[in-house]
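Student: I would like to learn how to read the surroundings of a bound molecule in a model. Could we go through one example together, step by step?

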Amino acid sequence: MKKISRRQFATTIGKGIVGTSILGSTTLACGMENKPEKKKLGMALVGLGSYSTYQLAPALQDTSYCYLAGIVTGTPEKAKDWGAKYNIPKTHQYNYENFDNIADNPDIDIVYVVLPNSMHKEFTIRAAKAGKHVICEKPMAMNVAECDAMISACENAKVKLSVGYRLQSEPFTNEVKRLVKNKTYGDVLFVSSDAAYISKGDPNQWRLDKKLSGGGALMNMGVYSIQSSIYGTGSNPISVSAQEFSTRPEYFKETDETITAQFEFPGNTVGHMMTSHNVNANRLRVSCESGWIALDPASAYAPLSGKTSSGPLNFKQESQQKLQMDDFAKHILQETPNVAPGEMGKRDMIIVEAIYKSIKEGGKKQLLDLGNMGIVR
Ligand code: NAD
């Protein structure tokens with residue numbers, strides 16, 4: 001019988017055109033004439049740092065549409081520990097040099113890039129060239145030009161690309177979007193969004209090294225402030241003005257410590273955002289004509305908490321990473337929408353670049369032309 005790869009199989013069942021003649025009688029046949037077997041895609045995590053260790057790998061034990069199938073690490077001891085802990089065979093363990101051999105591994109469908117920001121572009125493009133779908137952590141890249149190169153590489157390789165925006169799959173966040181879209185409290189007049197934490201760790205960490213991070217708070221928590229300003233208004237901003245503040249220059253030698261920015265949106269809506277590596281703050285407030293919506297926290301891992309002028313919001317608390325990775329796997333398997341496509345990461349990087357430019361120009365207003373990007377969420 002002709003061998004069918006997992007990718008071909010997934011694509012085939014996703015389109016609902018599987019005939020019994022091509023299905024193996026041992027592995028795949030299970031009353032599939034009408035209802036395809038639930039299929040899980042194999043995922044490889046690239047970079048086994050804190051986010052992979054404490055959030056993604058545990059979440060992958062609970063996902064319904066994908067599972068941890070491989071690892072990519074520069075540290076042999078980690079490969080050994082993870083291999084034992086998660087039952088990952090040596091054939092599914094890679095390092096940064098032999099990573100491209102992943103192309104020959106049919107068990108791995110998705111590569112999840114969880115490396116310092118300066119490495120996102122390289123590993124996204126290498127994964128695409130290996131024929132793998134890609135999730136790339138936020139911020140998508142160091143700049144807009146890198147985002148363009150990553151989007152093109154995935155288009156050329158005909159693989160799907162998503163940014164690790166876990167909140168796009170999170171129920172409180174999606175309720176904010178719904179209330180705003182439905183104008184439940186009338187037009188949004190003002191949005192305020194803060195995403196920040198106090199950094200006191202190793203002064204040599206990559207987040208404080210501009211070559212590896214591309215920037216400070218704005219390139220880290222700042223993307224959440226930008227995103228929630230957008231889903232809190234249901235619009236892309238049309239201008240931004242920004243300011244930077246430094247109170248610990250001895251620690252934040254190369255990267256921004258605190259940034260504030262003001263947005264204008266179409267119509268009568270304006271907004272303010274703050275991000276910092278020197279403040280603890282995590283909230284969103286949407287002020288509308290006849291009421292308000294608030295999340296506090298708004299971008300923590302979990303649990304989020306929300307209220308409106310009509311009362312509290314209540315949703316089941318689930319791992320955001322689980323929901324996010326399942327959403328992307330379903331996008332591949334079932335052609336559901338890609339809730340955080342590469343274009344969204346690029347849109348946010350355009351805003352990041354405009355904020356840095358405004359700061360450089362003493363707070364000068366920067367006009368943004370995001371209307372034709374088709375991404376407003
Ligand atoms: P981390 O420092 O804990 O891990 C980074 C990993 O990259 C480590 O395994 C390290 O060994 C490896 N690495 C390879 N080359 C390196 C180099 N030259 N310098 C430093 N490390 C190198 O970082 P993290 O917190 O896991 O963050 C990784 C990525 O995930 C970042 O892009 C970050 O923004 C993103 N992230 C996203 C979320 C989220 O909520 N979506 C949360 C945390 C981190």
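Student: In which pocket does the ligand sit?

Tutor: Bear in mind throughout that this is a predicted model. A molecule is assigned to a pocket if more than half of its atoms lie within 2 Å of the pocket's grid points, and here the ligand sits in the largest pocket.

Student: Where does the ligand lie with respect to domain 1 and domain 2?

Tutor: One asks which domains supply the surrounding residues. Domain 1 (6-167) and domain 2 (170-312 + 342-367) both give residues to the shell around the ligand, so the ligand lies between them.

Student: What classes of residue make up that shell, and which residues come nearest?

Tutor: By class, the shell holds 11 nonpolar, 5 polar and 5 charged residues, and of the 21 residues around the ligand, S50, N117, K138, R166 and W206 come nearest.

Student: Which polar atoms of L48, K78 and R207 lie by oxygen atoms of the ligand?

Tutor: For a polar contact, one looks for N or O pairs within 3.5 Å. L48 places a backbone N or O atom 3.4 Å from a ligand oxygen, whereas K78 has a side-chain N or O atom 3.2 Å from an oxygen of the ligand, and a polar side-chain atom of R207 is 3.0 Å from a ligand oxygen. As for cover, the ligand taken alone exposes 830 Å², of which the protein buries 79%.

Student: How many cavities does a search of the whole structure find?

Tutor: Unlike an open pocket, a cavity is a space that the probe cannot leave. The search finds 4 cavities of 30 Å³ or more; the largest has a volume of about 50 Å³, and its lining includes I135, Y165, F328 and N338.

Definitions and conventions
Residues are numbered from 1 along each chain as its sequence is written. This is a predicted model: local features need pLDDT of at least 70, side-chain atom pairs count only at pLDDT 80 or more; totals for chains, interfaces and linings use all residues. Side-chain values use heavy atoms; hydrogens and water are left out. A residue is near a molecule or strand if one of its heavy atoms lies within 4 Å of it. A polar contact is a pair of N or O atoms within 3.5 Å; within protein, one must be able to donate a hydrogen and the other to accept it, and residues adjacent in sequence count only if both atoms are side-chain atoms. Accessible areas come from the Shrake-Rupley method with a 1.4 Å probe; for residues, only the protein chains shown count as cover. On a 1 Å grid over the protein atoms alone, a cavity is a set of points where a 1.4 Å probe fits but cannot get out, and a pocket is an open set with protein on both sides within 12 Å along at least five of seven lines; lining residues have an atom within 4 Å of a point. Ala, Val, Leu, Ile, Met, Phe, Trp, Tyr, Cys and Pro count as nonpolar, Asp, Glu, Lys and Arg as charged, and the others, Gly among them, as polar. Domain bounds come from an automatic or database domain assignment. Grid points are joined across faces, edges and corners, and a volume is the space filled by probe spheres set on the points.
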